[in-house]
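Me: I would like to go through the labels used for this model and ask what stands behind each of them. Please give the rule and then the value.

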Amino acid sequence: MYAQMVKSAGTGVKSREEMTDQERDFQDKIDADIKIEPRDWMPDDYRATLIRQMGQHAHSEIVGQLPEGNWITRAPTLERKAILLAKVQDEAGHGLYLYSAAETLGVTRDELTEMLLDGRMKYSSIFNYPTLNWADIGAVGWLVDGAAIMNQVPLQRTSYGPYSRAMIRICKEESFHQRQGYDAIRKMAEGTVAQKKMAQDALNRLWYPSLMMFGPSDKDSVHSAQSMAWKIKINTNDELRQKFVDQTVPQIKFLGLDLPDDAIVWNEETSQHDYTDPDWNEFFDVIKGNGPCNVDRLAARNKAWDDGAWVREGLMVHAQKKAAAKLAAE
Amino acid sequence: MANVDQQALFQFLLRMGDNTLVLGHRVSEWCGHAPVLEEDIALANTALDLIGQTQFWLGLAGEVEGKGQDADALAFRRDVWDFRNFLICEMPNGDFGQTLMRQFLFDAWASVTLAHLQKSSDERVAGIAAKASKEVAYHLERSSDTIVGLGDGTAESHDRMQAALEYLWPYVGEMFASDDVDANMVAAGIATDPAGLRGEFDAIITRVLTQATLNIPQSTFAHKGGRDGSIHTEHLGHLLTSMQWLQRVYPDASW
């Protein structure tokens with residue numbers, strides 16, 4: 001998932017006694033794993049939180065085109081270029097499903113877009129980091145999509161029907177991207193000295209930003225309890241981060257690359273890897289807009305939107321003319 | 001097939017593959033910057049199809065040449081003078097209207113050309129044309145709809161589309177110029193004379209541009225030099241600079 005620090009609306013988890021009858025029925029459905037559908041009653045705070053989370057996820061797919069698009073024109077073979085184009089196309093498609101799913105909650109895609117463009121809504125912090133060499137494209141597929149899948153697989157069981165169905169579809173494509181990304185970086189790790197250097201550089205730079213994708217440490221994650229009760233968040237940030245580290249460390253070793261963190265070591269007692277937490281000050285800086293690419297990413301999206309205004313308007317006016325002509329002919 | 005001039009066939013295949021390669025590259029430059037999400041998807045999809053067609057055309061070109069060059073070697077290791085694409089394919093994207101007008105004019109040419117190539121005496125050529133035709137039919141439908149929508153939209157969108165048409169019009173003629181390579185292909189039954197395809201092309205563009213309330217320029221002047229490589233625009237060198245950079249800097253690497 002590409003949603004971090006989604007603030008749950010409301011005052012926190014209510015006890016059954018504090019709930020109204022309607023709220024109790026709603027919570028019972030969730031506890032019984034019955035999906036909530038667009039026409040069902042839902043608490044305003046559930047709706048508002050989902051809009052934030054799904055909107056942030058959709059925005060991430062859209063902004064996520066930019067760091068990958070940065071290398072489409074420089075892809076080293078026709079096949080790599082085709083794979084990258086297909087991946088970016090899939091991501092724009094994911095954005096489309098997610099906006100459509102969010103629209104079932106009563107918000108329009110244009111409203112969400114406006115909130116992205118003026119900074120009221122966020123996208124994942126990872127896309128505020130640059131892609132500097134070709135191995136970054138492999139690493140984005142392997143690490144970034146890998147981290148996203150870690151979060152999205154449980155979300156296939158999320159309580160909101162349209163979101164859950166979007167996740168099922170998206171997960172299939174993301175797994176494919178992850179395998180392609182791993183294949184691309186493996187080719188480089190096994191390649192020339194220069195290629196191996198690119199692969200190591202990409203891993204070193206993207207490791208901590210990938211760990212940050214899961215959001216702040218559980219002890220600082222103030223919004224989780226309500227979202228977990230509503231099943232729009234299934235696991236805690238630290239659980240997923242640990243799972244990601246445990247999955248990825250053997251892959252790094254298989255590639256023959258150096259671990260990006262000297263403190264990574266298998267802990268017999270806990271049966272998991274110890275590792276160094278990301279620098280959370282850096283994370284909060286990025287969230288506040290001070291990442292290496294925040295300004296450029298938002299400027300690029302704003303420019304695309306502004307430059308495209310005449311196109312959207314032209315097509316809309318034409319559609320109206322066509323509808324009017326059809327009506328007149330009837 | 002033994003009598004076919006292999007050098008002419010190689011040139012013909014380079015023309016086909018370089019068109020899709022260079023245009024596919026241009027279209028891919030839009031990634032993440034389109035006016036609306038559906039267009040981001042459509043542009044990436046179009047670029048993807050064109051790059052896929054390139055793999056077939058240049059792959060076959062390398063085989064015919066017989067010097068061990070595969071599609072990647074041809075795409076990433078030749079210099080400007082060796083490229084055989086129409087000049088229109090290398091023209092910059094400009095605004096979205098210019099990109100779509102370029103696409104529409106190319107799609108109309110491609111749909112007419114590929115329909116004939118499906119009857120080629122060379123089965124390999126006919127096979128690639130059959131596969132590409134399906135994609136191009138969709139590209140043409142989409143670019144036509146967009147040209148009509150924007151031409152017959154607001155005053156601003158109309159004026160931008162008219163300006164795009166006038167800017168690109170001098171590059172249309174080259175698509176229908178014939179030379180010795182074409183004469184060779186016609187003699188071998190591999191391809192149709194491009195000059196003979198103009199009527200079908202004009203029928204398509206007249207129908208769409210009329211519906212789009214756009215005026216087809218009267219001028220018959222045509223820039224040329226792309227399909228024989230004699231004189232490209234300044235734009236192609238910059239395009240190749242980014243496209244070929246990794247292969248040029250790390251010639252020993254495989255990716």
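Reply: A salt bridge is a side-chain nitrogen of Lys or Arg within 4 Å of a carboxyl oxygen of Asp or Glu. This is a predicted model, in which local features need pLDDT of at least 70 and side-chain atom pairs pLDDT 80 or more, while totals for chains, interfaces and linings use all residues; side-chain values use heavy atoms, with hydrogens and water left out. Residues are numbered from 1 along each chain as its sequence is written, and chains are lettered from A, ligands numbered from 1, in the order in which they are written.

Me: Why is the contact of Asp122(B) with Arg124(B) called a salt bridge?

Reply: The closest N and O atoms of Asp122(B) and Arg124(B) are 3.0 Å apart. The limit is 4 Å, so the pair counts. By this rule there are 32 salt bridges over all chains.

Me: What makes Asp122(B) buried or exposed?

Reply: Buried means under 20% relative accessible area, exposed over 50%, and partly exposed in between (1.4 Å probe, protein chains only). Asp122(B) has 3%, so it is buried. Arg124(B) has 36% and therefore counts as partly exposed.

Me: Which parts does the salt bridge of Arg227(B) and Asp182(B) tie together?

Reply: The side chains of Arg227(B) and Asp182(B) meet at 3.0 Å, N to O. Arg227(B) lies in the loop between α9 (198–211) and α10 (235–243) of chain B, and Asp182(B) in helix α8 of chain B, so the pair links parts 45 residues apart in sequence. Helices are DSSP runs (H or I, at least four residues), numbered from the N terminus. Both Arg227(B) and Asp182(B) are buried.

Me: What makes a space a cavity and not a pocket?

Reply: On a 1 Å grid over the protein atoms alone, a cavity is a set of points where a 1.4 Å probe fits but cannot get out; a pocket is an open set with protein on both sides within 12 Å along at least five of seven lines. Lining residues have an atom within 4 Å of a point. Grid points are joined across faces, edges and corners, and a volume is the space filled by probe spheres set on the points. The structure holds eight cavities of 30 Å³ or more, and the largest has a volume of about 160 Å³. Of its 16 lining residues, those closest to the centre include Arg227(B).

Me: Which helix gives the most to that lining?

Reply: α1(B), with four residues.

Terms used
Helices (H or I, at least four residues) and strands (E, at least two) are DSSP runs, numbered from the N terminus.
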